[in-house]
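User: I am new to this structure and would like a close look at one part of it, the charged side chains and the partners they meet. Please take me through that part step by step, and then turn briefly to the aromatic rings.

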Amino acid sequence: MILDYKTAKKDFLSAKFKGCKTFFESHNYKLEQAYCEIILDNLKNAQHIFEEIEDQDTRAHWGLVMLEFIKGCVSRYPTYFELRNFLEIDLNILINYCKGNYVEKIIRYADFMFTINPETHKFIGRVFLNNDMLPQAMFFLNRAKDNFYQDPELHYILAEIYKNKNDIENCRKALLTCLEILPNYAPAIAMLNTL
């Protein structure tokens, strides 16, 4: 039995669903209830909860946008900060709960989201990277490079991947590109010194 919010949230984010929905409902945590409904494929219930709290919670607006992406009929637009703050977290949640069909439907809108936040492809690539889905990660990271080349963090992430693959030549190239864009990027300097 879950006794506090911190435990319930940690369990939910770790895909330990048992007891989370009951805790969130009994303590009136509406936003978290809506996310539980998504995990249970009750998208209409999630939508009703998000709509109920949309005026009080920015994330509820993002939740409604995400549901529209999943349903394939978009009438709302995410904000720059919603994409920055919530896209990675929510894609990770969906992957942890084996909701690949939802992830696929959301990332179909990657180019649309890019028009609002140019880091979108990087965010998606990083989610796949953090979930050991390297081909998907590389696809989106390369897409990010094509669309938003001037992002030093992107080149650093690519350098990390190349280093882990023991591809020192491409690692060095990615680090040098990173440092061309932002000469004092400390992580890139540190990694370059280890090669």
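Analyst: A salt bridge is counted here when a side-chain nitrogen of Lys or Arg lies within 4 Å of a carboxyl oxygen of Asp or Glu. By that rule, a search of the whole structure finds 16 salt bridges. This is a predicted model, in which local features need pLDDT of at least 70 and side-chain atom pairs count only at pLDDT 80 or more, while totals for chains, interfaces and linings use all residues. Residues are numbered from 1 along each chain as its sequence is written, and side-chain values use heavy atoms, with hydrogens and water left out.

A good place to begin is Lys122, which lies in helix H9, residues 120-130; helices (H or I, at least four residues) and strands (E, at least two) are DSSP runs, numbered from the N terminus. Lys122 is buried, with a relative accessible area of 1%, where buried means under 20% relative accessible area, exposed over 50%, and partly exposed in between, using a 1.4 Å probe and protein chains only. The side chain of Lys122 forms a salt bridge with that of Glu153, with N and O 2.5 Å apart. Because Lys122 belongs to helix H9 and Glu153 to helix H11 (residues 152-164), this pair ties together parts that are 31 residues apart in sequence. Glu153, for its part, is partly exposed, at a relative accessible area of 27%.

Two polar contacts add to the picture, a polar contact being a pair of N or O atoms within 3.5 Å, of which, within protein, one must be able to donate a hydrogen and the other to accept it, and residues adjacent in sequence count only if both atoms are side-chain atoms. The side chain of Lys122 makes one such contact with the side chain of Glu119, at 2.7 Å, and another with the side chain of Asp151, at 2.8 Å. Leaving aside residues up to four places away in sequence, Lys122 touches Leu141, Ala144, Asp151, Glu153, Leu154 and Ile157, where contact means heavy atoms within 4.5 Å.

Helix H9 also holds the partner in another bridge: Glu88 and Arg126 form a salt bridge whose closest N and O atoms are 2.7 Å apart. Glu88 lies in helix H6 (residues 80-96) and Arg126 in helix H9, so this pair ties together parts that are 38 residues apart in sequence. Glu88 counts as buried at 18% relative accessibility, and Arg126 counts as buried at 17%. Salt bridges link Arg84, Glu88, Glu119, Lys122, Arg126, Asp151 and Glu153 in a network.

Elsewhere, the side chains of Glu169 and Lys173 meet in a salt bridge at 3.4 Å, N to O. These two residues are four apart in helix H12 (residues 168-181), and are therefore separated by about one helical turn. Glu169 counts as exposed at 56% relative accessibility, whereas Lys173 is partly exposed at 47%.

Turning to the rings, those of Phe, Tyr and Trp (its six-membered ring) pair if their centres lie within 6.5 Å, with planes under 30 degrees apart counted as stacked, over 60 as edge-to-face and the rest as tilted. A search of the whole structure finds 18 aromatic pairs. Among them, the rings of Phe12 and Phe17 have centres 6.3 Å apart and planes at 50°, so the pair is tilted. Phe12 is buried at 6% relative accessible area, and Phe17 is partly exposed at 21%. Ring pairs join Tyr5, Phe12, Phe17, Phe23, Phe24, Tyr29 and Tyr97 into a cluster.
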